[in-house]
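This report describes selected backbone features and the ligand environment of the structure shown below.

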Amino acid sequence: MRDIFLRACKGEKTTPVPVWFMRQAGRYLPEYQEIRGKADFLTMCKTPELAAEVTLQPVDILGVDAAILFSDILIPLEAMGAGLSFKEGKGPIISPPVRSRKELERLHTIEPERDVPFVLETIKILRKELSERVPLIGFAGAPFTMATYLIEGGTTKSFVNIKKMLFSDPALFRSVMELITEVTISYLSAQIEAGVQAIQLFDTWAGVLTRHDFRDAALVYARRIFNALRTRGVPMIYFVYDGGHLLDLTRLAGSDVIGLDWRTDIETALKVLGKDVVVQGNLDPCLLFLEEERLRDRISEIIQQGLGAKAHIFNLGHGVLPEIPPEKVRLAIEMIHELSS
Ligand code: 1CP
């Protein structure tokens, strides 16, 4: 198996640097669109053959060094008893949102084999298909990010409902977080038992918190998850989007790898994190619109900065956008391999 991704996770400087992209399976790929044209998004997530097929597409088409399970961070919320739907062009809807203890009491912990069997089946298919190729990454949303969807009822710009609960009813907020944390530990444990070889915790919205509140409302729960999973022996990645002001704190969560969004360049991040850290990132996804030579310069700059870390996994600073031409994504991956060889 091509194992440079796993070796880098463990702190080895590899030649070339491994690369995978967040949302590498998705709407920018015509091959994804073709399957998506026949099945809605949730059906794709819940049909192991389809989920496995789109997971493999970027491995076949782009030559990435790791596959990431095709699913969504919101899948466990439905398994906990929340209503989940995706409105075309509008994003996810959680109905009803959880804003009282009574609403929380309708939710429950999960038994992954019973409640999300399709995720485990997808992982088993993928491990067979990928055996001699690249490792498989599993993932979950971090508790704060999951709680934003549960409490807001969907995507939000203001985060007013979750912050209102955090500050006006901290006991209820804690109960929500404890339930999600417990669910996430059993969900990720089941993914590891089914065969994922690394895991990433996505904290997409924790960046809306001050340092003070990040510690109490996000970090403690993420740390609990990493602590619980450490003995399982798979590398763990913590990605806080828009978390430049939180970098020293994210390190305290105890993951093996720190994911960086594009706002903080690696050199600056390492001044805060120290050099004894494995970093993942962090090309601004929109830089993939650059013409080839300029893109090469920007990729090269990131690779150079990554050399200052203990090890570096190349990624985007957030997901691939649907507007990016797939040839450009493929070209970027070739360049990353070439420039780090
Ligand atoms: O085809 C479609 O219309 C669905 C688009 C789509 C896709 C391809 C959604 C809806 N989710 C996904 C897949 C997905 N989501 C993956 C698959 C693996 C891969 O990376 O290739 C992963 C890891 C996620 C994780 C995810 N979902 C996050 C965390 C990462 C991030 O992007 O910050 C979040 C926040 C979500 C929620 C979500 N899923 C989908 C939408 C439209 C949203 C809402 C985003 C928002 O609230 O703004």
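## Cis peptide bonds

In this predicted model, Pro16 lies in the loop that runs between α1 (4-9) and α2 (30-36). The peptide bond joining Thr15 and Pro16 is cis, with omega at about -5°.

A cis peptide bond also joins Ser95 and Pro96, and its omega is about -5°. Pro96 belongs to the loop between β3 (91-95) and α6 (101-105). As general background, most peptide bonds are trans.

## Positive phi values

Most residues other than glycine have a negative phi. Arg23 is not a glycine, yet its phi is positive, near 55°. The residue is placed in the loop between α1 and α2, the loop that also holds Pro16. Arg23 has a relative accessibility of 59%; because the threshold for an exposed residue is over 50%, Arg23 counts as exposed.

Asp242, likewise not a glycine, has a positive phi of about 55°. Its position is in the loop between β6 (236-240) and α13 (247-251). Asp242 has a relative accessibility of 32% and therefore counts as partly exposed, a class that lies between under 20% and over 50%.

## Helix α9

Helix α9 spans residues 143-152 and is mostly covered, with ten of its ten residues buried. The buried residues include Phe144, Met146, Leu150 and Ile151. Thr145, Thr148 and Glu152 are also among them, as is Tyr149, which is one of the residues that come nearest to the ligand.

Just after α9, Gly153 adopts a positive phi of about 85°.

## Ligand environment

The ligand sits in the largest pocket. Around the ligand are 23 residues, of which Arg23, Tyr32, Asp72, Tyr149 and His318 come nearest. Arg23 thus appears both in this nearest group and as a residue with positive phi. By class, the shell is made up of 14 nonpolar, five polar and four charged residues.

Which side chains place an N or O atom 2.7 Å from a ligand atom? The side chain of Arg36 does so with respect to a ligand oxygen atom, and the side chain of Asp72 with respect to a ligand nitrogen atom. In addition, an N or O atom in the side chain of Thr204 is 2.8 Å from an oxygen atom of the ligand. On its own, the ligand has 890 Å² of accessible area, and the protein covers 87% of it.

Definitions and conventions: Residues numbered from 1 in each chain as written. Predicted model: local features only at pLDDT ≥ 70, side-chain atom pairs only at ≥ 80, totals over all residues. Heavy atoms only, no water. Near = heavy atom within 4 Å. Polar contact = N/O pair within 3.5 Å; in protein donor to acceptor, adjacent residues only side chain to side chain. Areas by Shrake-Rupley, 256 points an atom, 1.4 Å probe, with all protein chains shown as cover. 1 Å grid on protein atoms, 1.4 Å probe; cavity = no way out; pocket = protein on both sides within 12 Å on 5 of 7 lines; lining within 4 Å. Sits in = over half its atoms within 2 Å of the grid points. Nonpolar A, V, L, I, M, F, W, Y, C, P; charged D, E, K, R; others polar. Buried < 20%, exposed > 50% of the residue type's maximum accessible area, 1.4 Å probe, protein only. Helix = DSSP H or I, 4+ residues; strand = E, 2+ residues; numbered from the N terminus.
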